[in-house]
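Here is a friendly walk through one protein chain, element by element. Keep the structure open beside the text and follow along.

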Amino acid sequence: MVSSLHSTRKRYLTRWKAGSILSMTGEAVKRARYSALIVLFALLLTACLAQSVVVVGEAPVPPPSQIPTLAIRVSDGNGNPIAGAWADTRYGTESTDQEGVFRMRWEGEPVSVSVEAPGFFPGAIAVEEFQDDYVELALRPVVLRGAVMDRQGFGLPAASVSLGNTKVVTDDLGRFEITQASPGIIKVERPGWVGTDEDWDGEDLVKEIALDPRIIRALHIAYNVYQDPALWDELLTVAEETVVNAFVIDVKDESGHVLYNTGVELAHEIGAVSAMFDIDSVVEQMTERDLYKIARIVTFQDPIAARKVEEMAVYDTAAEGPYQKQNQYFLDPTDQQAREYGLSMAEDACRAGFDEIQFDYIRFPDGYPATAVFDLGDSEDIRIGAITSFLDEATDRLHPLGCLVGADIFGFITSVEGDGGIGQELNALSTTTDVLSPMVYPSHYSSGWFGFRVPNDHPGEVVGQALDAGLGRMEGQAVIRPWLQDFYYTPSQVREQIEAAEARSLGWMLWNAASRFELEALDPA
């Protein structure tokens, strides 16, 4: 009985296990089938994605990884790449890289692209067929042209014109040109003139900009000032507290000495350097006070150079040596080495930071005898030609360095025709210089001038009539800024001359050989 029960139970367990095994096998098969379906679907999806095209609607479209790109290079008219240009394509906006290149999809159809860049006119290109190399698109630069002029319409050379990061200098006719011009502020500056800023909207491609001269009120600074620091400090204080806004610094004076450590070798070779001041320090102190900086160079009257290098000097056949008159020795204005010496000195002073180079004794000796010999002769035409050509060359060399060119002339030159026997002809000089400074000292006019028995007794009237005569003969862009007499005069007499100049909207410079001025004549700042 017991044995029978055990057999029955064994068979039941066997069937249960077998049934369970069968049941489990069925579930596993189901799961296997399900997994197989998933794998099959994944394989089908992978296969689909691996195909070269998919069909959307009716047009086959390559996947992004296989769509070719078209490279377009944007350049200026000279073939230089334009970085940062933006291109408007059918797929959106692209920007050029440092090589001027941007890329866009090519889907087998012609495309049109428009491109813009600051400083250039917009451009467009249509591409009909794909090409492996760059497609070139050259944009035409925006060019702003113009002129800087005075109120009479004369062009002003050596004016600085800035727009954005571009800065140019006007040519001899006052013209300028800015390429790749973008709208902004046009800033115009010129030494001795009142600068201006003008908004430019980019529309008008031709601009005429007028400037007004700055009224320069200057004091003469002689060599003795450098020997007396207290006097130099006093004059700096005068400039701070009065209307004085400029100094005329002697850098080479009547003695022939160069008063600073110049870089001009000839000055050292002939022993002309007598360094009395540090030019960098003087320029810096003037700049800190916004003073207009004028370097005075005594040019053709030079006792040192004339005796050390006789080939440069006016030769006197009677004396068989350099021409001399009352301790003055003259270099020959027609001699190339003499001219180069003055021009080199001017360049050196300009590079030191001066705004204007003033050439004094820029003339032939007055009243020279027939025994005086000049390299190229001494007819009036030769004299005028020598002086004007020297100043022409000075402007050619100094304007690019940022300096204006001034010339001191005898006072009577404003009133007489011709060159006065010294090569100074007002009409010609007015077209070759930036500043003309007649020495209209009343004490230098003899009896009868301007209707006065003693012109020195009528300082205001003499200066006024001399200036009127000169203003009426000006033919070029030069401004008149006279030297006024501040020696042997009272403050009121100095003041009369100042008022005569300012009544004509002119600046002025006070001459005193020792730099001792009648300060009561000056208005406060």
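## Strand S29 and its partners

Strand S29 (residues 435-439) and strand S30 (residues 479-480) pair in the parallel sense, with 2 bridges between them. In this pairing, valine 435 stands opposite valine 479 in S30. Please keep in mind that this is a predicted model. S29 also pairs with S28: the two run parallel and are joined by 5 bridges. Here isoleucine 409 has proline 438 in S29 as its bridge partner.

How many of the 5 residues of S29 are buried? The count is 5 of 5, so the strand is largely enclosed by the rest of the structure. Looking at the two faces of S29, you will find Val435, Ser437 and Met439 on one side and Leu436 and Pro438 on the other, all of them buried.

## A strand with two unlike faces

Strand S8 (residues 123-127) makes a good contrast. In a regular strand, side chains alternate between the two faces of the sheet. In S8, Gly123, Ile125 and Val127 point to one face and are buried, while Ala124 and Ala126 point to the other face and are not buried.

The partner of S8 is strand S7 (residues 111-116), which runs antiparallel to S8 and is joined to it by 5 bridges. If you would like a pair to find on screen, serine 112 has alanine 126 in S8 as its bridge partner. S7 and S8 form a hairpin, and 6 residues lie between the two strands. In the turn, glycine 119 has a positive phi of about 85°.

## An open sheet of three strands

Next comes a sheet of 3 strands, which is open and has the order S13-S10-S17 with mixed pairing. Its edge strands are S13 (175-179) and S17 (206-210), each of which pairs on one side only. On average, neighbouring strands of this sheet are turned by 25° against each other, direction ignored.

Strand S10 (residues 143-149) pairs with S17 in the parallel sense, over 5 bridges. Within this pairing, arginine 145 stands opposite valine 206 in S17.

## Helices H7 and H8

Now to the helices. The axes of helix H7 (residues 336-351) and helix H8 (residues 380-398) come within 10 Å and cross at roughly 30°. Angles under 35 degrees count as roughly parallel, and H7 and H8 are therefore roughly parallel to each other. H7 passes H8 in a right-handed crossing.

Which residues of H7 and H8 meet? From H7 come Arg339, Glu340, Gly342, Leu343, Ser344, Ala346, Glu347 and Cys350. Facing them in H8 are Ala386, Ser389, Phe390, Glu393, Ala394, Arg397 and Leu398. The residues of this contact of H7 with H8 divide into 7 nonpolar, 3 polar and 5 charged.

## Helices H10 and H11

Helix H10 (residues 459-471) and helix H11 (residues 491-502) pack at an angle of about 25°, and their axes are 8 Å apart. That angle makes H10 roughly parallel to H11. The crossing of H10 past H11 is right-handed.

On the H10 side, the contact is made by Pro459, Gly460, Glu461, Val463, Gly464 and Leu467. These residues meet Gln493, Glu496, Gln497, Ala500 and Ala501 in H11. The contact of H10 with H11 divides into 5 nonpolar, 4 polar and 2 charged residues.

## Isoleucine 422 in its loop

Isoleucine 422 is worth a visit too: you will find this residue in the loop between strand S28 (404-410) and helix H9 (426-429). Is isoleucine 422 buried or exposed? At 1% relative accessibility, isoleucine 422 counts as buried.

Leaving aside residues up to four places away in sequence, isoleucine 422 touches Arg363, Phe364, Pro365, Asp366, Arg383, Ile387, Phe410 and Ile413. The C-alpha atom of isoleucine 422 is separated by 9.9 Å from that of tyrosine 361, a residue 61 positions away along the chain.

## The chain as a whole

Stepping back, the chain has 11 helices and 32 strands. Of its 525 residues, 47% count as buried. Among contacts in the chain with a separation of 6 or more, 66% are between residues 24 or more positions apart.

Conventions
Residues numbered from 1 in each chain as written. Predicted model: local features only at pLDDT ≥ 70, side-chain atom pairs only at ≥ 80, totals over all residues. Heavy atoms only, no water. Axes fitted to C-alpha atoms, helices over the stretch in contact; angles between N-to-C directions. Helix = DSSP H or I, 4+ residues; strand = E, 2+ residues; numbered from the N terminus. Parallel < 35°, antiparallel > 145°, perpendicular 65-115°, else oblique. Left-handed = near helix turned anticlockwise from the far one by under 90°. Contact = heavy atoms within 4.5 Å. Nonpolar A, V, L, I, M, F, W, Y, C, P; charged D, E, K, R; others polar. Pairing = 2+ DSSP bridges. Buried < 20%, exposed > 50% of the residue type's maximum accessible area, 1.4 Å probe, protein only.
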